[in-house]
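Let's look at how the words used for a structure follow from its numbers. Each turn below takes one label and asks what stands behind it.

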4 protein chains.
Amino acid sequence: MPFHTTRRVEFGDTDMAGIVHFANFFRYMEAAETAFLRSLGGSVKLVWEGQPIGFPRVAASCEYLNPAFFEDLIDIDVRIEKLGRKSVTYAFEFSRDGTPIARGKVTSVCCKPGTKPMQSIEIPASFRALLEPAGGTAS
Amino acid sequence: MPFHTTRRVEFGDTDMAGIVHFANFFRYMEAAETAFLRSLGGSVKLVWEGQPIGFPRVAASCEYLNPAFFEDLIDIDVRIEKLGRKSVTYAFEFSRDGTPIARGKVTSVCCKPGTKPMQSIEIPASFRALLEPAGGTAS
Amino acid sequence: MPFHTTRRVEFGDTDMAGIVHFANFFRYMEAAETAFLRSLGGSVKLVWEGQPIGFPRVAASCEYLNPAFFEDLIDIDVRIEKLGRKSVTYAFEFSRDGTPIARGKVTSVCCKPGTKPMQSIEIPASFRALLEPAGGTAS
Amino acid sequence: MPFHTTRRVEFGDTDMAGIVHFANFFRYMEAAETAFLRSLGGSVKLVWEGQPIGFPRVAASCEYLNPAFFEDLIDIDVRIEKLGRKSVTYAFEFSRDGTPIARGKVTSVCCKPGTKPMQSIEIPASFRALLEPAGGTAS
């Protein structure tokens with residue numbers, strides 16, 4: 001079962017074509033991912049030797065099926081599509097009253113804090129333990 | 001030869017990870033596409049029976065290779081990857097001093113103005129005539 | 001009594017200083033204004049001879065008292081500060097657990113649809129009737 | 001003499017009213033401020049005991065005089081309106097072909113790096129020495 005959340009389209013999300021600007025769906029995805037992680041419980045600190053771990057994105061994509069409009073209440077389903085050793089891919093389905101709006105994916109890589117260039121690390125066991133029951137299958 | 005433009009990273013483009021927020025690359029792509037079209041000349045009006053034609057996006061994707069930082073001057077190369085009967089796909093390469101930053105694609109469909117739901121139409125011959133010499137191969 | 005709503009700070013709302021980027025408070029204000037208007041009921045259509053009326057902003061301001069951070073749940077109070085013949089000024093108070101975050105104002109002018117340059121008109125009686133009980137005092 | 005820069009309006013800057021969304025003028029101000037500071041020369045490092053100094057905003061305001069549209073080339077004049085002991089206020093004038101578009105102000109306070117809550121400090125002499133010839137009058 002995917003995690004479900006909703007999002008109300010704001011005036012500032014639209015563009016002169018009268019629809020939600022395509023780049024905003026990536027912000028919607030990120031907020032839905034955060035809501036999903038919050039739903040799993042805040043007891044696990046995403047830290048590595050005391051510093052917060054980063055999850056920079058390495059890939060993002062979206063297919064737009066139907067436009068979304070100001071004040072629409074968008075349904076968003078979030079699934080873990082792939083849980084790798086160092087990365088996680090989330091899949092998102094956007095719809096309004098059953099009409100599909102968009103489908104997107106975002107892949108993030110677990111990185112050591114404060115490294116420049118960023119240095120990927122294995123997803124901590126505590127975080128993996130949260131994600132696996134939520135649908136992430138190890139790979 | 002791709003079309004080349006540049007973009008200076010603004011403070012507001014960054015996020016708390018200290019790098020350009022991933023969704024902003026889609027705004028960068030759109031602005032680079034506009035600059036590319038402007039470079040082809042403004043003599044062709046994108047109208048259909050007197051109304052401006054729309055080019056809603058049907059797909060967008062990006063791979064992130066290295067982070068971009070505040071005040072970076074990003075090089076952006078724009079190519080037409082595919083020129084279809086009703087759609088056009090642009091490909092973008094982002095780099096800084098030769099270091100690759102990101103690679104993205106956006107596909108837009110030519111649509112009749114003011115239709116809801118949007119109704120796709122063939123790309124007008126005048127617009128196609130502009131795009132083909134710029135590297136778009138009919139398909 | 002002001003209208004109350006909340007807003008969860010998203011990752012993409014932050015900047016490299018680790019706090020909500022100052023421009024985003026204007027988006028927060030707009031969304032809070034929309035939520036306030038929605039709370040007044042959707043029975044009144046904001047139309048003028050069948051076309052939707054516009055409310056372009058003529059002034060906006062914000063004072064920043066304390067930074068807001070990722071995942072903060074911000075309390076937002078919305079009041080009508082002034083209800084003019086053709087314009088309305090909203091005032092917003094942002095706080096987190098009682099700590100003041102910011103105070104802002106936005107003034108919008110009622111405009112005829114589709115005019116360029118925009119042409120201001122009196123706020124329709126039906127809309128005024130909604131706003132006055134909500135705290136707008138005619139002036 | 002104010003510092004002058006320009007800005008091309010992007011598609012994603014517009015909203016469903018067909019004009020630049022009012023919140024985006026604050027991003028335009030910030031980018032113009034950065035361009036202004038860059039024009040003063042990069043030889044002065046804004047550091048305090050080796051760490052980059054922050055300039056969080058404490059106030060921002062804008063009056064909107066005429067709408068701006070997609071692809072407009074906006075002229076932006078930047079002046080230092082007030083140079084205080086710990087703060088600086090910039091004033092911005094936006095116009096298009098001589099038509100005024102907007103007028104805005106942003107006030108920032110000089111803060112010690114990495115303090116939470118932020119702790120204001122005096123503007124370093126080296127930075128003040130840059131700003132004063134640019135029109136900042138001590139106060």
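Q: How do you know that the reach of helix 1 of chain A is close to what is expected?
A: In this predicted model, helix 1 of chain A covers residues 24-39, which is 16 residues. From its first C-alpha to its last it reaches 23 Å, and the expected value at 1.5 Å a residue is 22 Å. Set side by side, 23 Å is close to 22 Å.

Q: What makes helix 1 of chain A "mostly covered"?
A: A residue is called buried when its relative accessible area is under 20%. Twelve of the 16 residues in helix 1 of chain A are buried. Among them are A:F25, A:F26, A:Y28, A:M29 and A:F36, and also A:E30 and A:E33. Just after this helix, A:G41 takes a positive phi of about 110°.

Q: Why is helix 1 of chain D called largely enclosed by the rest of the structure?
A: Here 13 of the 16 residues are buried, so the label "largely enclosed" fits helix 1 of chain D. This helix also spans residues 24-39 and reaches 23 Å, close to the expected 22 Å. Just after helix 1 of chain D comes D:G41, with a positive phi of about 110°.

Q: Why is A:T107 called buried or exposed?
A: The cut-off for buried is under 20%. A:T107 has 15% relative accessibility, so it counts as buried. A:T107 sits in strand 7 of chain A, residues 99-109. Its neighbours, leaving out residues up to four places away in sequence, include A:P56, A:V58, A:S87 and A:V88.

Q: What makes the pair A:T107 and A:T89 a polar contact?
A: A polar contact needs N or O atoms within 3.5 Å, one able to donate a hydrogen and the other to accept it. The side chains of A:T107 and A:T89 are joined at 2.8 Å, so the distance meets that limit.

Q: Why is the pair C:R57 and C:E30 called a salt bridge?
A: The limit is 4 Å between a side-chain nitrogen of Lys or Arg and a carboxyl oxygen of Asp or Glu. For C:R57 and C:E30 the N to O distance is 3.3 Å, so the pair qualifies. C:R57 belongs to strand 4 of chain C and C:E30 to helix 1 of chain C, so the pair ties together parts 27 residues apart in sequence. C:R57 has a relative accessible area of 12%, so it is buried. C:E30 has 6%, so it is buried as well.

Q: How do you know that C:E63 and C:R103 form a salt bridge, and what are they called, buried or partly exposed?
A: Their N to O distance is 3.6 Å, and the limit is 4 Å. The pair links strand 4 of chain C with strand 7 of chain C, 40 residues apart. Partly exposed lies between the 20% and 50% cut-offs. C:E63 has 38%, so it is partly exposed, and C:R103, with 35%, is partly exposed too.

Q: What makes C:R96 and C:D72 a link between distant parts of the chain?
A: C:R96 is in strand 6 of chain C, while C:D72 is in the loop between strand 4 and strand 5, 24 residues away. Their side chains meet in a salt bridge of 2.5 Å, N to O. Both C:R96 and C:D72 are buried.

Q: Why is B:D97 called exposed, and D:E71 partly exposed?
A: Exposed means over 50%. B:D97 has 75% relative accessibility, so it counts as exposed. D:E71 has 30%, so it is partly exposed. B:D97 lies in the loop between strand 6 and strand 7 of chain B, and its phi is near 50°, a positive value in a residue other than glycine. D:E71 lies in the loop between strand 4 and strand 5 of chain D, with a positive phi near 75°.

Q: What makes up the contact between chain A and chain D?
A: Nine residues come from chain A and nine from chain D. The buried area is about 770 Å², with 77% given by carbon and sulfur atoms. A:F11, A:D15 and A:M16 supply 60% of the area that chain A buries against chain D. Between these two chains there are zero salt bridges and four residue pairs in polar contact.

Notes. Residues are numbered from 1 along each chain as its sequence is written. Chains are lettered from A and ligands numbered from 1 in the order in which they are written. This is a predicted model: local features need pLDDT of at least 70, side-chain atom pairs count only at pLDDT 80 or more; totals for chains, interfaces and linings use all residues. Side-chain values use heavy atoms; hydrogens and water are left out. Helices (H or I, at least four residues) and strands (E, at least two) are DSSP runs, numbered from the N terminus. The expected span of a helix is 1.5 Å times one less than its number of residues. Buried means under 20% relative accessible area, exposed over 50%, partly exposed in between (1.4 Å probe, protein chains only). Contact means heavy atoms within 4.5 Å. Buried area is the accessible area (1.4 Å probe) that two parts lose on being put together, summed over both.
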